[in-house]
Amino acid sequence: MTTSASPSSVSEGTTSSASSSASSPSSSSSSSSSSSSSAPVTTPASAAKARASLPAFHATGHAGRLDVAGAWLLGLLWLLPLLYAVWSAAHPSAYATRFALGAPLTLENFVHAWQAAPFGRYLVNTFVLVTVILAAQLVLATLAAYAFARFTFRGSEVAFMTVLLQLMVMPDVLIVENYRTIAWMGLRDTILGIALPYFASAFGIFLLRQAFKTVPRELDDAARVEGASAWQVLWRVYVPLARPIYVAYALVSISHHWNNFLWPLIVTNSVETRPLTVGLQVFAATDQGIDWSLITAATLMTAAPLFIAFLLFQRQFVQSFMRAGIR
Amino acid sequence: MNRTSASWVPWLLLLPALVLLVAFTHYPAVATLWHSVFSTARAGASSVFVGAENYRLLLDDPVFWQALRNNLLFALVTVPAAIVLSIVMALWVHRQVPGRALLRLAYFTPAILPMIAVANIWLFFYTPQYGLIAQVSQAFGWGDHNWLGQPGTALAALMIVTIWKEAGFFMIFYLAALQQISPTLAEAASLEGASRWQFFRRVQWPLLMPTTVFVVINAVINAFRLVDHVVVMTRGGPDNATQLLLYYVYQVAFSFWDTSYAAALTVVLLTLLAIVAFVKFRLLDSRTHYQ
């Protein structure tokens with residue numbers, strides 16, 4: 001296996017697509033249809049011509065009625081769980097499973113759920129967890145990616161393969177041994193214990209290595225001529241130039257670890273360390289006689305911070321997922 | 001700076017990441033193999049070498065076989081279904097559908113919500129008597145069905161949740177790939193009088209191939225890794241109908257505290273992932289029109 005046979009070939013595709021889509025942001029983002037009239041193409045002239053002919057299957061062609069109906073039917077189906085959650089959480093529990101148009105609106109479910117479980121604490125825990133993981137990942141991945149991208153050294157191929165292996169075997173699968181390690185380190189039921197296995201991210205190293213490789217050598221050499229050390233070159237040249245990749249990776253990492261469940265469930269057993277996902281499950285499972293209004297309210301509170309962030313930064317989010325892929 | 005002489009510099013840069021990678025990926029993988037040939041230490045009895053004993057138990061364990069079968073079926077159904085749906089979605093929102101921005105949001109939303117949270121909502125959908133599906137089917141006079149409570153339908157119910165969760169996520173990659181395809185190709189095809197299906201089959205689909213390889217691999221890995229909805233919705237039941245390998249590992253290790261048997265189970269899981277890795281590299285090597 002050469003390095004080019006690695007996921008690199010895949011992500012070269014995705015990163016290149018990202019860089020070109022970044023040059024024409026309106027095309028790749030979920031922008032409104034008005035702005036998307038600037039077709040996602042390289043040459044405006046050919047785009048205009050293509051639009052003039054409007055072949056039935058054309059990228060920017062208008063969809064037929066059947067397509068619109070199908071697309072929206074599927075869209076509604078996809079939104080249904082969220083719509084239900086909002087309905088149930090916003091109405092008294094008598095209406096949780098009864099869909100009457102005149103049902104009174106209320107925010108009481110959120111208040112009750114918030115009081116019934118320490119969601120504030122869970123929120124802080126999740127926030128700390130995600131921040132700690134991201135900070136460690138960024139620093140470690142930057143250093144490793146720099147080594148792979150700009151140094152030729154013996155054993156680099158083997159070292160790189162060692163890294164790439166993690167793309168296949170994620171810490172999630174090795175819960176038994178990792179639990180043993182975390183327990184041995186005395187980190188059971190700590191936020192650090194949840195975070196530590198994810199500090200070294202093969203995906204992050206890989207993504208940044210690709211980004212660093214695209215930095216022109218001339219910039220590097222010029223900085224060296226000016227007397228900058230390798231360290232300074234990294235922080236002054238490479239890191240700033242890879243900023244879009246950092247943003248993309250950060251969003252993917254945050255959403256992944258915000259939503260992660262199984263490993264935190266295993267490591268934590270107290271309120272002080274539980275993240276939102278585990279807290280929600282404890283809340284939903286111990287509740288006697290399922291009160292759907294309470295559960296959906298808690299569910300929405302768990303998903304809300306990330307979801308609101310997603311709504312605010314929708315364009316960046318979608319682009320970063322395109323760019324960065326999984327995790 | 002001399003790049004070749006100071007050969008310890010790159011290693012120093014790599015050190016922290018490599019140490020952690022080894023500690024939480026490579027070492028545990030090897031330790032799993034090692035522990036799988038020992039017995040679990042119990043009160044009064046320490047761990048002893050038992051050779052293939054755990055694997056022999058595995059062969060005779062109907063739950064293991066069921067979990068393996070379920071997991072393979074799970075991958076075999078959810079991966080193609082999610083991919084087909086994601087391509088259809090991407091083709092739709094690539095065109096000028098009214099409300100395209102909202103539609104993209106609708107498709108992508110499940111990907112951003114925690115599985116643990118949406119599984120709770122789906123749990124309600126599937127609830128007999130007053131769940132959403134029950135209400136709809138009763139309104140049509142189709143009667144009631146305990147979707148998660150019946151061994152015949154429980155796994156399928158979980159698969160639907162997984163497909164719903166993953167399709168929108170994969171759509172993003174296909175959308176990105178579709179936008180890379182030059183519109184002159186569509187133009188040329190329409191001049192040739194190609195139908196929309198022909199254009200997809202002959203132009204778009206081959207050009208989407210690298211994306212498909214990427215998505216398939218990630219989807220397969222996910223199929224063996226994601227068990228959040230099992231925890232919430234069925235806990236492997238009824239009658240192990242929704243038992244998946246990783247969930248069984250979790251149960252054996254953290255409910256029954258039989259860590260060496262869990263290690264043997266994990267070895268099976270690792271073997272399956274190794275097969276995925278092998279196929280991946282073979283596929284990527286043989287790809288001709290890979291950029």
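Which residue forms a salt bridge with A:Arg150, and how far apart are the closest N and O atoms? In this predicted model, the partner of A:Arg150 is A:Asp220, with the closest N and O atoms 3.8 Å apart, a salt bridge being a side-chain nitrogen of Lys or Arg within 4 Å of a carboxyl oxygen of Asp or Glu. A:Arg150 lies in helix H6 (residues 119–150) of chain A and A:Asp220 in helix H11 (residues 217–225) of chain A, so that the pair ties together parts 70 residues apart in sequence; helices (H or I, at least four residues) and strands (E, at least two) are taken as DSSP runs numbered from the N terminus. Side chains of opposite charge can pair when their charged atoms come close.

Because the model is predicted, local features need pLDDT of at least 70 and side-chain atom pairs count only at pLDDT 80 or more, whereas totals for chains, interfaces and linings use all residues. Residues are numbered from 1 along each chain as its sequence is written, chains are lettered from A and ligands numbered from 1 in the order in which they are written, and side-chain values use heavy atoms, with hydrogens and water left out.

Both ends of the A:Arg150 pair are covered by protein: A:Arg150 counts as buried because its relative accessibility is 6%, and A:Asp220 counts as buried at 0%, where buried means under 20% relative accessible area, exposed over 50%, and partly exposed in between (1.4 Å probe, protein chains only). A:Asp220 also meets the side chain of A:Arg224 in a salt bridge (3.5 Å, N to O). Being four residues apart in helix H11 of chain A, A:Arg224 and A:Asp220 are separated by about one helical turn, and both of these residues are buried. Salt bridges with shared partners thus join A:Arg150, A:Asp220 and A:Arg224 into one network.

A further pair in chain A is formed by A:Arg180 and A:Glu177, whose side chains meet in a salt bridge at 3.4 Å, N to O. The two residues both lie in helix H8 (residues 175–184) of chain A, three residues apart, or about one turn of the helix. Their surroundings can be set side by side: A:Arg180 is partly exposed, with a relative accessible area of 33%, whereas A:Glu177 is buried, with a relative accessible area of 2%. Over all chains, the count comes to six salt bridges.

Chain A as a whole contains 17 helices and zero strands, and 59% of its 327 residues count as buried. Among contacts in chain A (heavy atoms within 4.5 Å) between residues at least 6 apart in sequence, 72% join residues at least 24 apart. The accessible surface of chain A, computed by the Shrake-Rupley method with a 1.4 Å probe and, for residues, with only the protein chains shown counting as cover, comes to about 13500 Å², of which 66% belongs to carbon and sulfur atoms. On the surface, A:Leu76, A:Leu77, A:Leu80 and A:Leu83 form a nonpolar patch with about 350 Å² of accessible area together. Patches are made of residues with over 30% relative accessible area and no salt bridge, like charges being joined within 9 Å and nonpolar side chains (Val, Leu, Ile, Met, Phe, Trp, Tyr) within 5 Å. One of the patch residues, A:Leu80, is placed in helix H4 (residues 65–90) of chain A and is partly exposed, with a relative accessible area of 33%.

The contact between the chains takes 110 residues from chain B and 123 residues from chain A. Together the two chains bury about 10600 Å², 73% of it on carbon and sulfur atoms, buried area being the accessible area (1.4 Å probe) that two parts lose on being put together, summed over both. Two salt bridges are found across this interface. B:Arg225 forms a salt bridge with A:Asp172, the closest N and O atoms being 2.8 Å apart.

In chain B, B:Thr211 lies in helix H9 (residues 196–223) and counts as buried at 14% relative accessibility. Leaving aside neighbours within four places in sequence, B:Thr211 is in contact with B:Phe173, B:Tyr174 and B:Ala177.
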